[in-house]
Amino acid sequence: AYVGGKLSGVTIIRTNPNKPKLMHRAFLWGVYVAKEARGRAIARRLMLATIESLPPEVEVVHLGVSAENSAAIRL
């Protein structure tokens, strides 16, 4: 995500296109929004765009967050 031309947020997702038994799963293992860009729903929009860009065979997206990370839990 770019805000004012500056990279302000990213997501990292892993799929398994070469493993037939795992092709239906994706692992979202990184979401980051720069401190100065937080509070603008950037993470939510990044997550939605990431999920929408997945190949059609992906049926499940796994995401784990720390129990202490209240912002990630709300997301």
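## Strand pairing

Two strands pair if DSSP finds at least two bridges between them. By that criterion, S3 and S4 are a pair in this predicted model, running antiparallel and sharing seven bridges. One of the positions in this pairing is Val10, whose bridge partner in S4 is Tyr32.

S4 is also joined to S5, here in the parallel sense and through three bridges. The bridge partner of Ala26 in S5 is Val61, and that of Phe27 is His62.

## The sheet and the helix on it

The three strands make up an open sheet of mixed pairing, with the order S3-S4-S5. Strand S3 (9–15) and strand S5 (60–62) have a single partner strand each and stand at the edges, so one side of each lacks a neighbour in the sheet. From one strand to the next, the twist averages 30°.

Helix H1 packs on this sheet, where H1 touches S3 and S4. The direction of H1 makes about 155° with the direction of S4.

## The chain as a whole

The chain holds two helices and five strands. In sequence order, these elements follow the pattern β-β-β-β-α-β-α. The C-alpha trace spans about 40 × 30 × 15 Å along its principal axes.

Of the 75 residues in the chain, 23% count as buried. Among contacts between residues at least 6 apart in sequence, 49% join residues that are at least 24 apart.

## Leu28

Leu28 is found in strand S4. Is this residue buried or exposed? Leu28 is buried, because its relative accessible area is 5%, and the cut-off for buried is under 20%.

Which residues does Leu28 touch, leaving aside those up to four places away in sequence? The contacts are Thr11, Ile12, Ile13, Met47, Thr50, Val61, His62 and Leu63. Val61 lies 33 residues from Leu28 along the chain, yet the C-alpha atoms of the two are separated by 6.7 Å. Val61 is also the residue of S5 that serves as bridge partner of Ala26.

As background to positions such as this, side chains in a regular strand alternate between the two faces of the sheet.

## The largest pocket

The largest pocket of the model has a volume of about 500 Å³. Its lining consists of 22 residues. Those nearest the centre of the pocket are Val31, Ala43, Ala71, Ala72 and Leu75.

Which elements supply at least two residues each to this lining? They are strand S4 (25–33), helix H1 (42–52) and helix H2 (70–74). S4 gives the most, with five residues. By residue class, the lining of the largest pocket divides into 14 nonpolar, four polar and four charged residues.

## Summary of S4

Strand S4 recurs in each part of this description. S4 pairs with S3 over seven antiparallel bridges and with S5 over three parallel ones. S4 is touched by H1, contains the buried residue Leu28, and gives the most residues to the lining of the largest pocket.

Note on methods: Residues are numbered from 1 along each chain as its sequence is written. This is a predicted model: local features need pLDDT of at least 70, side-chain atom pairs count only at pLDDT 80 or more; totals for chains, interfaces and linings use all residues. Side-chain values use heavy atoms; hydrogens and water are left out. On a 1 Å grid over the protein atoms alone, a cavity is a set of points where a 1.4 Å probe fits but cannot get out, and a pocket is an open set with protein on both sides within 12 Å along at least five of seven lines; lining residues have an atom within 4 Å of a point. Grid points are joined across faces, edges and corners, and a volume is the space filled by probe spheres set on the points. Helices (H or I, at least four residues) and strands (E, at least two) are DSSP runs, numbered from the N terminus. Ala, Val, Leu, Ile, Met, Phe, Trp, Tyr, Cys and Pro count as nonpolar, Asp, Glu, Lys and Arg as charged, and the others, Gly among them, as polar. Axes are lines fitted to C-alpha atoms, for helices over the stretch in contact, and angles run from 0 to 180 degrees between N-to-C directions. Contact means heavy atoms within 4.5 Å. Buried means under 20% relative accessible area, exposed over 50%, partly exposed in between (1.4 Å probe, protein chains only).
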